[in-house]
Amino acid sequence: MFAMAARRLGYRVHTLSPDHDTPTGQIADVEINASYDDLDAVRAFAQAVDVVTFEFENVSAAAVAEAERHAIVRPNGRSLSIAQHRIKEKTFLVEHGLPVAPFAPIRNEAELAAAITAVGYPAVLKTATSGYDGKGQVRIATPGDVDAAWTTMGRREAILESFVDLELEISVIGARGAGGEWSHFGPIENAHEQHILDVSVMPARVPAATAALAVDVIRRVMDALDFIGILCVEFFVARDGALVVNELAPRPHNSGHLTFDACRTSQFEQQLRAICGLPLGSPEMLQPAAAMANLLGDLWEGGEPNWAAALAMPDVKLHLYGKSSARSGRKMGHLTVLAATAPEARRLVLEARCRLKI
Ligand code: AMP
C-alpha cells in the first residue's frame, strides 16, 4: 500500500526483503531478495535510492547504520532500536513521563523473582525482542505459572507487565515531517482475536479527554524521537478509564489500513510525504465513520472465499495483498466500509466478512 501511494505520486520504489514475489515487490520497480543483515546488499540497495523507510521494525542497527551512510533514512535508527526492544521502549516512555502499565525488566531468573514481587498477579511476561501479534508472551496468573512461563519464553531477556483490566484498545497514528510539522488520524478502536488484530473502527468510543491525552502522548513521543514518518502508538484503556501505552510501531500500522479508503490522505501517502520532505496531506475522514476487518488465511480453509458475495455490498472495499499461500493466522487482506456511524460501519464490515464464507 505504501508502494502504491508512492507510484501514484510518480516515485520509483525499490524493496529489500528476505522473500521473493512479496506484496511490495509486486508493485515495486526493483525487488531485492536478501537478508536484512546482508550489509553488502543493504549498501547496494541504499546507493540506488534517495530515501529509505521501513514497513517492518526488526532491522538490525548495523543495517540501518549502513543504509544511513548512503541515503536518507526515515524514521531514524534510534526510533527503530527503541521500538524493537520492549525494555528500551518502556524505559524511554517512563523517562518522558508517559503512562505505561507497571512493569519490570528481566534479564535473568533473579530479576524475574524480584519483578513478580514488584508487579504482582496477574501479569504478562513478554520477550524483549521479536514479539508481535501476541507471539512471545505468556500470562502469569499464579505463583505456579512462573517457572513454566520462563521456560516457554526460552529464558530470554523480557519484561514483566501488569495485566490491565481492559475496557478497550485504541491506537493513534501520527505523521511527522522533516520540519517537525505534524498530523494525526485520531483514535482508532481495535478488537483482537487470539492476539491478532481483527477489527478496527474509527473513531474510537473514548471520552474526549482520553482522545486528547492519547494524541498528546504520541505528539510527545514523536518530538522526543525527532521522528520523521508514520508512528503508531497502541494504547490500553482500562476499565477505570486510565490510559497506558502498550507499544510503539514506527511504520504504517494494520489499524490504519482503513485510512486508505476512509481519509483524504492515507497513512501510506502521509508516510511518503513525510519521508520525501513534502507537506503532509489532510487526514480528514470522507465519511463520519469507517471500519476494517482483517482477512486471515483461515478464511481459505473451505476453498476460495466468495468475493462476489461481499462485493455485492456496494460500500465494501476489498484489499488483497498478493501473498502466495494462505496459512492460518496469516494476514492476507482486509475489507473496509465507510458509514454514517461507527456501529453501522462495524456491522457492515462484519456482514461483508461473513458473506465471504457463503
Ligand atoms: P502486544 O503484542 O504486546 O501488543 O500484545 C498483544 C495483545 O495482548 C494486546 O493487544 C492485548 O490484547 C493483550 N495484552 C498484552 N499485554 C497486555 C496487558 N499488560 N494487559 C492486558 N492485555 C494485554
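# Exercises on a predicted model with a ligand

An oxygen atom of the ligand is 3.0 Å from an N or O atom in the side chain of Glu247. The structure is a predicted model, and the exercises below start from its ligand.

## Exercise 1. The ligand site

Task: State how many residues surround the ligand, which are the closest, and which side chains place a polar atom by a ligand nitrogen.

Solution.
- Step 1. The ligand is surrounded by 17 residues. The closest are Lys126, Glu161, Val164, Glu169 and Asn246.
- Step 2. Take Lys126. An N or O atom of the Lys126 side chain is 2.8 Å from a nitrogen atom of the ligand.
- Step 3. Take Glu161. A polar atom of the Glu161 side chain lies 2.6 Å from a nitrogen atom of the ligand.
- Step 4. Test the distances. A polar contact needs a pair of N or O atoms within 3.5 Å, so the pair with Lys126 at 2.8 Å qualifies, and so does the pair with Glu161 at 2.6 Å.

## Exercise 2. Strand S6

Task: Find which strands pair with S6, and decide whether the residues on its two faces are buried or exposed.

Solution.
- Step 1. S6 covers residues 123–127. Lys126 is on one side of S6, together with Val124.
- Step 2. S6 and S7 (residues 137–140) run antiparallel and are joined by 4 bridges. Val124 has Arg139 as its bridge partner in S7.
- Step 3. S6 and S8 also run antiparallel, with 5 bridges between them. Here Thr127 is paired with Ala158 of S8.
- Step 4. Assign the faces. In a regular strand the side chains alternate between the two faces of the sheet. In S6, one side holds Ala123, Leu125 and Thr127, and the other holds Val124 and Lys126.
- Step 5. All of these residues are buried, and both faces are covered. The count for S6 is 5 of 5 residues buried.

## Exercise 3. The largest nonpolar core

Task: Describe the largest nonpolar core and name the elements that build it.

Solution.
- Step 1. In soluble globular proteins, nonpolar side chains tend to be buried together. The largest such core in this model has 27 residues.
- Step 2. The residues with the most contacts inside this core are Leu93, Ile170, Val221, Leu231, Phe235, Val245 and Leu248.
- Step 3. At least two core residues come from each of helix H5 (77–83), helix H6 (86–95), strand S9 (166–176), helix H9 (208–225), strand S13 (229–238) and strand S14 (243–249). H9 gives the largest share, 8 residues.
- Step 4. Follow Leu93. Leaving out residues up to four places away in sequence, Leu93 touches Leu98, Val100, Val221, Val245 and Leu248. Another core, of 22 residues, lies apart from this one; Ala289, Leu295, Ala310 and Val349 are among its members.
- Step 5. Leu93 is one of the buried residues of H6, which are Arg86, Ile87, Glu89, Lys90, Phe92 and Leu93.

## Exercise 4. The S13–S14 hairpin

Task: Work out how S13 and S14 run, and which residue between them takes a positive phi.

Solution.
- Step 1. S13 and S14 run antiparallel, joined by 6 bridges.
- Step 2. The bridge partner of Val233 in S14 is Leu248.
- Step 3. The hairpin has 4 residues between its strands, and Gly241 takes a positive phi near 95°.
- Step 4. S14 is mostly covered, with 7 of its 7 residues buried.

## Exercise 5. Unusual backbone geometry

Task: Locate the cis peptide bonds at Pro75 and Pro203, and the positive phi values of Arg155 and His195.

Solution.
- Step 1. Most residues other than glycine have a negative phi, and most peptide bonds are trans.
- Step 2. Arg74 and Pro75 are joined by a cis peptide bond, with omega about 0°. Pro75 sits in the loop between strand S4 (72–73) and H5.
- Step 3. The bond from Met202 to Pro203 is also cis, with omega near 0°. Pro203 is in the loop between strand S12 (196–202) and H9.
- Step 4. Arg155 has a positive phi near 50° and belongs to the loop between helix H8 (146–152) and strand S8 (158–162). Arg155 is partly exposed, at 47% relative accessible area.
- Step 5. His195 has a positive phi of about 70°. The loop that holds His195 runs between strand S11 (188–193) and S12.

How values were computed. Residues are numbered from 1 along each chain as its sequence is written. This is a predicted model: local features need pLDDT of at least 70, side-chain atom pairs count only at pLDDT 80 or more; totals for chains, interfaces and linings use all residues. Side-chain values use heavy atoms; hydrogens and water are left out. A nonpolar core is a set of buried Ala, Val, Leu, Ile, Met, Phe, Trp, Tyr and Cys residues joined through side-chain atoms within 4.5 Å. Buried means under 20% relative accessible area, exposed over 50%, partly exposed in between (1.4 Å probe, protein chains only). Contact means heavy atoms within 4.5 Å. Two strands pair if DSSP finds at least two bridges between them. A residue is near a molecule or strand if one of its heavy atoms lies within 4 Å of it. A polar contact is a pair of N or O atoms within 3.5 Å; within protein, one must be able to donate a hydrogen and the other to accept it, and residues adjacent in sequence count only if both atoms are side-chain atoms.
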